[in-house]
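Here are a few exercises to work through with the model open. Try each one yourself before reading the solution.

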Amino acid sequence: MSAGTTSEQDKRALYWLGERLIDYRHIIMVLVLGITGLFAYWSFQLKLETSFGDLLPQTHPFVQIHNKYAGTFGGANNVQLMVEAKEGTIFTVPTLARIYKITEAVDQVYGVNHNQIDSIGHRTTRYLRAQAGGFLRAEPVMIGLPKTAEDAANIQRIVHNTESIYGILVSLDDRAALVRANFIEGRLDHRRTFTEINERVIAPFTTGWFGALIKGKDPLKPDQPSPAVVEQVYPGTAAAEAGIKPQDVIVSVNGKPVEDRAALAKAVTAAGPGAKLTLGIERGKDRTAVTADIVVPAPDIEIYVAGEPRLYGWVYAYAGDVYWILTLTYCMEWLLRWLYFHDWRGALRPTLTGVIAAFWGLGFIHLIGFSLDPLILVMPFLISARAVSHAIQMHDRYYEEFERHHWDQRKAIVAAFAELFVPTFSGILTDAFGVLVIMLVPIVMLRKLAVVASWWILAITVSEMLLNPIVYYYLRAPEPELVLARDKGWYRAAINRVSDWNLSRTGKVVTMVFWSVLTVIGAFQMRGLIVGDPTAASPLVYEDSPYNVAHARIQEKFGGVEPLIVVAEGKDRDAMKDPQVLRTMERFQRFLERDRDVGYSFSLTDILRTVNMVFHELEPKWGVIPATQRDVGQTFFIFFANSPPTETAKYVTPDYQTAHVTFFCRNHKGDNVARIIERAKEFIAAPENRMEKAEFKLAGGLIGVLAAANDELVRNDLLMNALGFGTMFVIVLFTYRSPVAPVLLLMPLFISNILINGLMATMGIGININTLPLVTVGVGFGIDYGLYILSRVIEEIRVTGDLDAAIRTALCTSGKAVSFTAVCMVAGTALWTFSNIRFNSVMGGLLAIWMFVSFMAAETLLPVLISFIRPKFVMREAGRGHRRQTIERPPTAAAAS
Amino acid sequence: MIMRWLERIGFYESLIIIAIFSALVIIMDEIIHARVRRRRQAQQGGKFPTV
């Protein structure tokens, strides 16, 4: 136990404040609880959702172009659905019929842009058909369901002869078809889209499939009964052979009743391929009972779905993890704190701090109209862990002061409050303002997050500084025996031993060498840190997750599905009929297609060349852009004459002023995105590619907006770090009134930042809009470890006058609480490593390691630095205080311990 | 198996488990404290002495 100092004179204002808080406890308590109740109410209104627009840097020119043209040329929220035949080709009647119906089902999903669906089964996917008299007509590839093998063969012929379809919407091996749908950003509802795609698009054609399309539940009326009504029976399937007819209601399988499609699908799936089933059917208006015997066919198609809305859908599906992680974390932390303090109040008090701060934080999120993103769920845990950490420090000090003040509860409360006020408040301020620098990045989500995190951290002051003395006063004081027993345990002995070694001559040298070597390794490794996603697979979910499997499979079959939209903005109407503009667009396509990560591209010129060729009896030499504006206009007329403007707008604006070149990229790895954009800029800047009547504008689509976000992150990363550290520097400078203090405290933090950046590079974690907030919140975390230790060193040196003795005492008192705090914080975030969301798992693990490194640096390196440097601002305090009256240990306490 | 069970925990289940666990810790702690208090009362006749 430390001797302590009588520093009441130095901090008499804080002692006075502590006393007044207790005097006016009832009114303060009612006031704080009232406001907390209000925030709690708002907390429960909070929704879990992602606003795509908030993820983008709205002021970036790329995003402005994206916003301007997303409604016409397509945005970044594309869903790619691939239907793959397990055997043979897709050109069979049942498979083509299903592709048609699947396309129809996709068109009915909430939020889809009906004019931006690409599929051989969609009305907007057209081919040119030569008619009698030399007329050409652009007709949909599939007008209706194919009925005969001849229909299927005809569709195959059309596909093979249409350049804009073959290899783009149907794979070159004829085994897969792609349905691409763009979603309207303002109507994106990731959970609903995910459910509707599962239930309307995938399940009816795969789960329990036997050749009939069965009507499912209406997603808007999930509680209403919905019997298994047959909507469609496909020729050549088990259902057709069994004589099942449209409008039949399937009521039983092998005599067991089935109430809806899901139950029917479950029964059929359970029977397995080859099983013979007798279906009970009610047919016609008079509901005649008939039966049909079917042999369950083996699954013949596989459906894969990828794209950003789908990815976020999976993230939402896994977001339920938060409950069990919260439960386990809470129970584990309670147990740890109870074991440490030997008192349930020690477990409860930090919980109150955490809960009150959480209500203030979550309520505030709702109040400013923000919602929780499932990808930042680690953040509340992290901030709550900070709140709990401060509370543990305070509780530990309360016990210490309780013993020192002759077991006088009130004096102990006031002393703990006054003595820890400066490091606690300073720690909270540095954390809060350190996070606020995220505001620099002009991405709405990050700005909101910065405000929220900063407010949430500041809210810790309410429970920790305002309510804390009052809560202690209301709670019964701990048993003195238990307070004394804390000085006897193995934990204390271990801390003492480690501190002794650390402050020995060998320990100091080893510590310095150890951290120096680690810093060099970290600095070397962090060169590999990249901005953006580090792998082709999405880092948000695991590599073997259904999403990444689907994404990889689609990429494998179609080369590239992630769009980069470059807009060719005309200066006047009909600019897109100018042959020079069109030739430049074509050259642009060929130029960028040479990049290894660009699968293929599409623009108006592809349509033009195809039409020109068809118009000249399919002679390949006519597959060129016509020489004059008039010829171009006529060729366009042939193709677009029968299409409404809503359909043609996805290729060119109705006044032919603006069109686009879309490059479908293989992945969105950070370095690939940067390279592709760089190459695009290079082409546009070349003098020979200047267009008289138009200019290229970068860039929309997923690749375009990711490039914008990465661009902003690169631009602001260094500045953000500098300002983060600068803020902390200033606050610590004012706290200790010495420039050496911030250098001492920021040194361990700086090293742990280098190490974590190195670790991120090694683990393949890139800096992106998802990782940045968590990483920035982590920057300041750990400064309070140093603040508590340094403050205690100053407090102790006033009495002892001996620096090394003061450091040792600080390590054995505040350092001990710091080490326990670190254990709690690491445990609090480490459980996230078991999350089904890979991103949360990786970030949870990373932050746990980060906090551990920060703690180790503060606990080992900081004392050694103080000891080596012997800073003036510490040494000048030597002997300014006097030793407290030593309290005799009562005999019972000795007996109890 | 455990993970599957854990993944079924929802918001209300979580609150119930947390409340029960906290209550158990408090009860267990009070039982231990009561024993400590009784021992002190037996030895010193009540209050913890101060200097």
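The exercises go from the whole chain down to one helix.

This is a predicted model, so local features need pLDDT of at least 70 and side-chain atom pairs count only at pLDDT 80 or more, while totals for chains, interfaces and linings use all residues. Residues are numbered from 1 along each chain as its sequence is written, with chains lettered from A and ligands numbered from 1 in the order in which they are written.

**Exercise 1.** Get a feel for chain A as a whole.

Step one: the C-alpha trace of chain A spans about 110 × 75 × 50 Å along its principal axes. Step two: count the secondary structure, and you get 32 helices and 16 strands (DSSP runs, H or I of at least four residues for helices, E of at least two for strands, numbered from the N terminus). Step three: of the 897 residues, 55% are buried (20 or more other C-beta atoms within 10 Å of the residue's own; exposed is 12 or fewer, partly exposed is in between, with C-beta atoms placed from the backbone).

**Exercise 2.** Find the largest nonpolar core and a residue inside it.

Start with the term: a nonpolar core is a set of buried Ala, Val, Leu, Ile, Met, Phe, Trp, Tyr and Cys residues joined through C-beta atoms within 7 Å. The largest one has 285 residues, and Val106(A), Ala453(A) and Ile789(A) are among those with the most contacts inside it. Helix α30 (residues 838-869) of chain A gives the most to this core, namely 17 residues. Now zoom in: leaving out residues up to four places away in sequence, Ala453(A) touches Met379(A), Ile383(A), Val435(A) and Val777(A) (contact is C-beta atoms, placed from the backbone, within 7 Å).

**Exercise 3.** Work out which side of helix α5 of chain A faces inward.

First, the helix: α5 (residues 149-161) has 13 residues and reaches 19 Å from first C-alpha to last, close to the 18 Å expected at 1.5 Å a residue (1.5 Å times one less than the number of residues). Next, Ala152(A), Ile155(A) and Val159(A) are buried. They sit on the same side of α5(A) because they cover an arc of only 60° around the axis, taken from the directions from the helix axis to the C-beta atoms. Then flip the helix over: the face turned away from the buried side carries the exposed Glu150(A) and Arg157(A). Finally, α4 (93-107) of chain A is included in what covers the buried residues of α5(A).

Definitions and conventions:
Contact = placed C-beta atoms within 7 Å.
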